[in-house]
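Biologist: I've got a model open and would like to talk it through with you. Can you start with the ground rules?

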Amino acid sequence: MPFGSFVSEAQAVVGRPATPGSVAGVARRTTRRVIRRSAVYVAALPTGCVRTSVNGVVIWRCGGVYYQPYDGRYVVVYID
């Protein structure tokens, strides 16, 4: 332990304590996936789509394209 120091080494853990000002806590609260609708609609999904959920919203992933049920058809959505 160096002279004049009360602590021999730092024991900090990122995100702990979970205070409103912690960098990790702020990043966790602000990093949220956003679903944006496009103007592209289809009447039926392509084959091989997989149902999934983003932030509690049901969407369908068909290859690299995401669709969301909307008004009796499906709209292409982008997930940011």
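Modeller: Sure, definitions up front: strands are DSSP runs of E with at least two residues, numbered from the N terminus, and two strands pair if DSSP finds at least two bridges between them. This is a predicted model, so to speak: local features need pLDDT of at least 70, side-chain atom pairs count only at pLDDT 80 or more, and totals for chains, interfaces and linings use all residues. Residues are numbered from 1 along each chain as its sequence is written, and side-chain values use heavy atoms, with hydrogens and water left out.

Biologist: How many bridges join strand 4 to strand 5?

Modeller: Strand 4 covers residues 65–70 and strand 5 covers residues 73–79. The two run antiparallel, and the number of bridges joining them is five.

Biologist: Which residue in strand 5 is the bridge partner of P69?

Modeller: Look across from P69 into strand 5. The partner there is Y74.

Biologist: What is the strand order in the open sheet?

Modeller: The sheet has five strands with antiparallel pairing. Strand 1 (35–42) and strand 2 (50–54) each have a single partner strand, so they stand at the edges, with one side of each lacking a neighbour in the sheet. Read across, the order is 1-5-4-3-2.

Biologist: By how much are neighbouring strands of this sheet turned against each other on average?

Modeller: Each axis is a line fitted to C-alpha atoms, and angles between N-to-C directions run from 0 to 180 degrees. With direction ignored, the average for this sheet is 40°.

Biologist: Which residues form the disulfide?

Modeller: A disulfide here is a pair of cysteine sulfur atoms within 2.5 Å, and the structure holds one. Its sulfur atoms are 1.9 Å apart. One cysteine sits in the loop between strand 1 and strand 2 and the other in strand 3 (residues 57–62), 13 residues apart, so to speak linking distant parts of the chain. The pair is C49 and C62.

Biologist: Is the disulfide of C49 and C62 right-handed or left-handed?

Modeller: Go by the torsion about the S-S bond, which is about 110°. That value makes the disulfide of C49 and C62 right-handed.

Biologist: Are C49 and C62 buried or exposed?

Modeller: The cut-offs are relative accessible area under 20% for buried, over 50% for exposed and partly exposed in between, with a 1.4 Å probe and protein chains only. C49 and C62 are both buried.

Biologist: What is the relative accessible area of D71?

Modeller: D71 lies in the loop between strand 4 and strand 5. Its phi is near 55°, positive although D71 is not a glycine. D71 counts as exposed, at 66%.

Definitions and conventions
Helices (H or I, at least four residues) and strands (E, at least two) are DSSP runs, numbered from the N terminus.
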